[in-house]
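Student: I should like to learn how the features of a protein model are read. May we go through some of them together, beginning with the way helices pack?

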Amino acid sequence: MLNLKIILRIFGLLLVTEGVFMWLSMLIGVIFGENILMPFLISGMITCAAGLAGFLPTRKSSLEVSRRDGYVIVTGGWVLFSLFGTLPFLLTGSIPGFTDAFFETISGFTTTGASILNDIESLSHGVLFWRSLTQWLGGMGIILLSLIILPFLGIGGMQLYAAEVPGPTPDKLHPHVQDTARRLWMIYVLFTLTETLLLWAGDMNLFDAINHSFTTMATGGYSTKQASIAHWNSPYIHYVITCFMLLAGTNFILSFYALNGRFRKVWNNEEFRWYIGFLGGFTLLITFGLLISSGGGIEPAFRNAAFQVVSILTTTGFVTADYLSWVPWLGILILILMFFGGSAGSTGGGPKIMRIVILLKNSTQELKRLIHPNAVIPVRLNRNAVEESVIINVLAFLALYAVIALVSIALLSMLGHDLETSIGAVAATLGNIGPGIGGVGPVENYAGIHPAGKWFLSFLMLVGRLELFTVMVLFSRVFWRR
């Protein structure tokens, strides 16, 4: 049923990679003169040793990865990364409890940004860097990174790419998946470096600029400051991060076309036009609402509206304002945005704009079919008819998403949390957003969530990051049947 040798081999490779990145964080702490050498050294040694224990006995196997193996590797890889990723937090004493450490780590790797920390600025530079690095690695996907290495190991990787890349229909830049992975990572690194330089040119020091570039491009939202981006009262910083959040929420395939001057191909993409339309429409509505409710200037109102709209819709989770202090109908708009998500093929979480567009188009076409029952009226996207199987997949995904959300809200409420907090926590973790509403709003965190609730929300982060079906299929009998 499952090729255990190839699964262990890839798990081992991933853990060795994670251990090396732990040592990189150790070097950052050493540069700042912090006493974190041994905790990070031991964390990396344990992680690399576990990885080698899985990789070395299976290193001579050269078998193909089946689709079934791919689902196990992707889901299991995220869980393993999160389990071993707790070590730096635990051994440095930054987060003493395993439940909280696991919650913070899986929130990082799934790029959710939900935190239990009440004093972020008291953490060492090495720990802060590791925290941001978990999001940067999770952003494009550590599995995608491994696809660059897999050809040298004699392993096929398309199954991993199909299970890993977010969105209903994975696209490729090149016939060979390894070349696709390499080009996507090059774009990811390029954008990260560019944002770092721009933020450093503003009011941020180099360390903060690097960390926020990591978590912006990952649409993760972890910050080195307790007040998030609101710590910097700088329009320049706010606009730079807004622009790069928008880029991170865009399909990276389109970013590749734009960098090669193929702007017409970018604008002809219907999902991208809807994405820009949603961002612009909600920004104008909230800007208008802030102007009539607070009476402030146009520029601050527009900047706060644009930042929060882009942050929530792309599932980044940075904040420059407490949107729960706005008039209630503006808070409702923010809650609605939590159920959109970024573009397919981006680092954003949530249901994805493409699915929302297909749902809207299919709904309008159904009205036409009622009037003309014998007519063939296909749903079109980018002027092409969408296959019936894709429409069924989208509708099934959104239905399952709604069911999981409603059941999760009920379960969290049973643990003693009020309805507003339960709705906010579920929407923010299942959508990989981070801040929600109620007790987990933009100026609060998840420290007060019941321990059982933290484990359940950790599961929701994983399910949301890996597109529901990738995880849920593991709980079906059909998957395990020969």
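Tutor: Two packed helices are described by the angle between their axes and the distance between the axes. In this predicted model, helix α14 (residues 270-294) and helix α16 (residues 328-337) have axes that come within 10 Å and cross at roughly 160°.

Student: How is α14 oriented relative to α16, roughly parallel or roughly antiparallel?

Tutor: Angles over 145 degrees count as roughly antiparallel. The axes cross at roughly 160°, which makes α14 roughly antiparallel to α16. The crossing in which α14 passes α16 is left-handed.

Student: How does one judge the length of a single helix, such as α20?

Tutor: One compares an expected span, reckoned at 1.5 Å a residue, with the distance between the end C-alpha atoms. Helix α20 covers residues 451-465, 15 residues in number, and should therefore span 21 Å. Its end C-alpha atoms are 21 Å apart, in agreement with that expectation. Helix α1 (residues 4-31) may be read likewise: for its 28 residues 40 Å is expected, and the distance from first to last C-alpha is 41 Å, close to that value.

Student: Which residues follow these helices with a positive phi?

Tutor: After α20 comes Glu-467, with a positive phi near 65°. After α1 comes Gly-33, with a positive phi near 70°.

Student: Which residues of α20 are buried?

Tutor: An α-helix has 3.6 residues a turn, so residues three or four places apart point the same way. In α20 the buried residues include Gly-453, Leu-457, Leu-460, Met-461 and Gly-464. Phe-459, by contrast, is partly exposed, because its relative accessible area is 29% and the partly exposed class lies between 20% and 50%.

Student: With which ring does Phe-459 form an aromatic pair?

Tutor: The structure holds 24 aromatic pairs. In one of them, Phe-459 meets Phe-475 edge-to-face, with 6.1 Å from centre to centre and 85° between the planes. The pair links distant parts of the chain, 16 residues apart: Phe-459 belongs to helix α20, and Phe-475 to the loop between α21 (469-472) and α22 (477-480). Phe-475 counts as exposed because its relative accessibility is 60%.

Student: Which residues form an aromatic cluster?

Tutor: One cluster is formed by Phe-129, Trp-136, Trp-185, Tyr-188, Phe-191, Phe-214 and Phe-252.

Student: Where do the charged end of Arg-355 and the residue Arg-131 sit?

Tutor: The charged end of Arg-355 is placed over the ring of Phe-397, 3.6 Å from its centre. Arg-131 lies over the face of Tyr-222, and the distance to the ring centre is 3.8 Å.

How values were computed:
Residues numbered from 1 in each chain as written. Predicted model: local features only at pLDDT ≥ 70, side-chain atom pairs only at ≥ 80, totals over all residues. Heavy atoms only, no water. Helix = DSSP H or I, 4+ residues; strand = E, 2+ residues; numbered from the N terminus. Expected span 1.5 Å × (residues − 1). Buried < 20%, exposed > 50% of the residue type's maximum accessible area, 1.4 Å probe, protein only. Phe/Tyr/Trp six-rings, centres within 6.5 Å; stacked < 30°, edge-to-face > 60°. Lys NZ or Arg CZ within 6 Å of the ring centre and 35° of its normal. Axes fitted to C-alpha atoms, helices over the stretch in contact; angles between N-to-C directions. Parallel < 35°, antiparallel > 145°, perpendicular 65-115°, else oblique. Left-handed = near helix turned anticlockwise from the far one by under 90°.
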